[in-house]
Amino acid sequence: MAVIEVQGLLKRYGRHTAVDGIALAIAPGEVFGLLGPNGAGKTTTVEILEGYRRRDGGDVRVLGEDPDSAGRRWRSRLGIVPQGAQDGAELTVREMVRHVASFYPAPRDPEEVIARCGLEEKAGARLRTLSGGQRRRVDVACGIVGGPELLFLDEPTTGFDPEARRAFWALIRDLAEDGTTIVLTSHYLDEVEALATRLAVLSGGRIVAEGTPGTIGGRTAESIISWHDGNGAQRVVTDEPLPLLAALTGRATPVTDLRVQPRSLEDVYLELIGEAK
Amino acid sequence: MTAVAEKALPSTLRIGLSRGGAEVRQFFRERDAVVFTFALPTVILILLGFIFDEPLDGATDVRVSQVFAAGMIAFGILSTAFISVGVGIAGDREDGTLKRLRGTPTTASAYLIGKIVLVAVTTVAEVALMLTAGVLLFGLELPSDTGRWVTFGWLLALSVIVCTLLGIAASTLARSARSAPAVMNLPVLALQFTSGIFVHVSALPDAMLAVSSWFPVKWMGQGFRSVFLPDAVASQEVAGSWEHGRIALVLIAWCLVGLALCLATFRWTDRRTR
């Protein structure tokens, strides 16, 4: 059974249609990435799934229930990592995580969660003294301490340094291995590429592409070949790289810095967004 | 179904008490709140008490400072219930507290229980602090008969309920957490001048008193004076007596108004979307 099932989702703000007929099916244990520029309808979609907003049309099932009418039991199976929370500024990390744990029927051990999020050294520090990245890790700790079956992560690593990001990715993979289904929205394409098992690109309230990070937008079909020769830097995009490579190897003039790469997710993404406009 | 589904959800009361613990901790750790909400009434009491420390006209054994010390308990309750709740909820809405709670099995009732715990703890501390100042600095006498303490009990309870409910309702008026203290303090300060808390009732114009009699502050002040001042000075009140029945009636009426306003206005988040 799918963890999330969406058909024909519709949301309007006045005369503006923010979400225009989205369909999604997310299976248990998936890490699903939702990509899209600002205003594409990502946040609106996710907030409808989380039960924060009401939809204007379509069918939505999250963990088998309609978020508009689901109750406390349903909420106890969900974990939400919101964006830009500043609450609990005067509480310590340990107090905050313990406090949030007290809302749930079967919470994880708060100390273990603190350790897992790399916050052991900061456990006694007040939230207002933390850096942006540390503060986000507290939000993640609060999101997972209830032992959710489904976790929503909204732009989770904004403000992280590279090392903290890597540690965070490891944590997410860890949770996914435990069987937690994860819905991730992010501006960082490398993050989605590293974490997501499947992703959808949203633009103008519609899904313009869906697939795995490796195949989305026909990504595997084309390669980028680049090299340096007497005429400077060269770059060719082709879906048949072998003849060109053969031609290059047969050349009399030296060819340096030869690379064959798949198109980057960023290229594909920008193309998709561009086409949609 | 997994084992998780079998376990009972924590009760609203349990979550509410957990919220209360977090609320109290946060309140006393935040210096602004402690200074502005908590200490201000006592500071004003001490200032006014020393400025007007003469015998009350027509009652040689009562000093004006003692009249202030008794009536100003209403100020204390307005601070710890009305202002701190209103400012607190506006803050919770802005810093993401309400949004986070809405995404957990916490109920609105549990959140409100947390606020009630906060108000109960801070109000008891506030009233104790103000009475200590009144007794030590201005010779206010604590009543020795049970009847007056019973009056004190119901008066305190009703005042706290009225102020908390109105505070919750008023929190929606504040556009942001930053503007909340200003929005909340204006009616509090204005009503205290017109209701005989900062100025003795005998000095107020009749029209002003007629207006402020529609609001709870006048009745709270009158009630607390009746607890701590000798019955002889009741003649200086507007009606010439303490009017306990009417005080109770007005406060109960405001409880109902406050409850209706809360139910009509309370929102987890700013749901009205663009």
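Guide: Buried means under 20% relative accessible area, exposed over 50%, and partly exposed in between. Keep in mind that this is a predicted model.

Visitor: How many residues of strand S3 of chain A are buried?
Guide: Strand S3 covers residues 31–35 of chain A. The strand is mostly covered. The buried count is 5 of its 5 residues.

Visitor: Which residues of S3(A) point opposite to Val31(A), Gly33(A) and Leu35(A)?
Guide: Side by side, the two groups face opposite ways from S3(A), and all are buried. Val31(A), Gly33(A) and Leu35(A) take one way. The other way belongs to Phe32(A) and Leu34(A).

Visitor: Which residue in S7(A) stands opposite Phe32(A)?
Guide: S7 of chain A spans residues 181–185 and pairs with S3(A) in the parallel sense. The pairing runs over 4 bridges. Opposite Phe32(A) stands Val183(A).

Visitor: What stands opposite Leu35(A) in S8(A)?
Guide: S8 of chain A, residues 198–203, also pairs with S3(A). The sense is parallel, over 4 bridges. The partner of Leu35(A) is Val201(A).

Visitor: Which helix of chain B gives the most to the nonpolar patch?
Guide: The patch has an area of about 570 Å². Its makers are Phe50(B), Val135(B), Leu136(B), Leu137(B), Leu142(B) and Trp149(B). With 3 residues, the top contributor is helix H7, residues 108–138.

Visitor: Why does Val135(B) count as partly exposed?
Guide: Val135(B) lies in helix H7 of chain B. Partly exposed is the class between under 20% and over 50%. Val135(B) falls in that class because its relative accessibility is 30%.

Definitions and conventions:
Residues are numbered from 1 along each chain as its sequence is written. Chains are lettered from A and ligands numbered from 1 in the order in which they are written. This is a predicted model: local features need pLDDT of at least 70, side-chain atom pairs count only at pLDDT 80 or more; totals for chains, interfaces and linings use all residues. Side-chain values use heavy atoms; hydrogens and water are left out. Patches are made of residues with over 30% relative accessible area and no salt bridge: like charges are joined within 9 Å, nonpolar side chains (Val, Leu, Ile, Met, Phe, Trp, Tyr) within 5 Å. Accessible areas come from the Shrake-Rupley method with a 1.4 Å probe; for residues, only the protein chains shown count as cover. A salt bridge is a side-chain nitrogen of Lys or Arg within 4 Å of a carboxyl oxygen of Asp or Glu. Buried means under 20% relative accessible area, exposed over 50%, partly exposed in between (1.4 Å probe, protein chains only). Two strands pair if DSSP finds at least two bridges between them.
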